[in-house]
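Thank you all for coming; I would like to talk through one structure this morning, taking its pockets, then its salt bridges, and then the packing of its helices. Please have the sequence and the model open while I speak.

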Amino acid sequence: ELTAKEWLGVIDDLAALGCERLTFTGGEPLSRPEWPRLARRARQRGLVVDMITSGMGLDAAAVTKLRRARLASVTVSVDGTAAVHDRLRGGAGRHAEALEAIRRLDRGGLRVGVTTQMNRLTLPTLDATAAEIQDAGAWGWQLQLTMPSGRAASQVDLVVAPGEMAEVHRVIRRLQR
């Protein structure tokens, strides 16, 4: 894992290469105490800065830091309804924590988006998930297919097969309406 000093160098290198956008993502970026310093450096170098978080530990102090960091966007991962999200994220209460993070961000004046993995477990829950995240205050929603990498590499049975894409398209069209 890189030190804060090494990350500052990476940010400088990215800016020198013409990078325009930097997204802090997981693990959990809020668990790194130096993230505000890194975000400030990226903005000073002209990069647009975003964050994707699980919402774990996103308390009032974190909302204040996010607001001060002037991120272009903050996105919370919500992978289905409570039972599905908690199973995929490996712990009870993670779904409730993610929804509360959305509420805190919204109350804190930040426009928050949500990203959701689409797989065989989440697909049947997307209608209910849409209602939950909208009620929590989300402004946008990104759906992305689960790929067989990371933790999903050992759970390939979750990955939507090519023959199931017609159902994925039906669900997306229904959600758009």
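Before I count anything by element, I should say that helices here are DSSP runs of H or I with at least four residues, strands are runs of E with at least two, and both are numbered from the N terminus. I should also say that what you see is a predicted model, and please keep that in mind throughout.

Let me begin with the second largest pocket, which has a volume of about 260 Å³. Its lining consists of 15 residues, and those nearest the centre are Trp7, Phe24, Thr25, Pro29 and Arg32. Which elements supply this lining with at least two residues each? They are α1, β1 and α2, and the largest share, four residues, comes from α1. By class, the lining of this second largest pocket holds nine nonpolar, four polar and two charged residues.

The largest pocket, for its part, has a volume of about 940 Å³. It is lined by 40 residues, and the closest to its centre are Ser77, Asp79, Arg89, Gln117 and Arg151. Two or more lining residues are given by each of β2 (48–53), β3 (73–77), α4 (82–89), β4 (112–118) and β5 (140–145). In this lining, 22 residues are polar, 11 are nonpolar and seven are charged.

Since α4 has just come up, let me stay with that helix for a moment. Val84, His85, Asp86 and Leu88 in α4 are buried, and the elements that cover the buried residues of α4 include β3 and α5. Just after α4, Gly90 adopts a positive phi of about 80°.

I turn now to the salt bridges, of which a search of the whole structure finds 12. Arg32, which we met among the residues nearest the centre of the second largest pocket, forms a salt bridge with Glu1, where the closest N and O atoms are 2.9 Å apart. Glu1 belongs to the segment before α1 (4–16) and Arg32 to the loop between β1 (21–24) and α2 (35–44), so this pair ties together parts that are 31 residues apart in sequence. Is Glu1 buried or exposed? Glu1 has a relative accessible area of 88%, and because exposed means over 50%, Glu1 is exposed. Arg32 also forms a salt bridge with Glu34, with the closest N and O atoms 2.5 Å apart, and here both Arg32 and Glu34 are buried.

Within helix α5 there is another pair to look at, namely Arg103 and Glu100, whose salt bridge has its closest N and O atoms 3.4 Å apart. These two residues are three apart in α5, which means that about one helical turn separates them. Arg103 is partly exposed at 32% relative accessibility, and Glu100 is partly exposed as well, with a relative accessible area of 24%. Through salt bridges that share partners, Glu100, Arg103, Arg104 and Arg107 are joined into one network.

Finally, let me come to helix packing. Two packed helices are described by the angle between their axes and the distance between the axes. Helix α5 (residues 94–107) packs with helix α6 (residues 126–136) at an angle of about 35°, and their axes are 8 Å apart. On the α5 side, His95, Leu99, Ile102, Arg103 and Asp106 take part, and they meet Glu132, Ile133 and Ala136 in α6. The residues of this contact comprise four nonpolar, one polar and three charged.

Notes. Residues numbered from 1 in each chain as written. Predicted model: local features only at pLDDT ≥ 70, side-chain atom pairs only at ≥ 80, totals over all residues. Heavy atoms only, no water. Axes fitted to C-alpha atoms, helices over the stretch in contact; angles between N-to-C directions. Contact = heavy atoms within 4.5 Å. Nonpolar A, V, L, I, M, F, W, Y, C, P; charged D, E, K, R; others polar. Salt bridge = Lys/Arg side-chain N within 4 Å of Asp/Glu carboxyl O. Buried < 20%, exposed > 50% of the residue type's maximum accessible area, 1.4 Å probe, protein only. 1 Å grid on protein atoms, 1.4 Å probe; cavity = no way out; pocket = protein on both sides within 12 Å on 5 of 7 lines; lining within 4 Å. Points joined across faces, edges and corners; volume = space filled by probe spheres on them.
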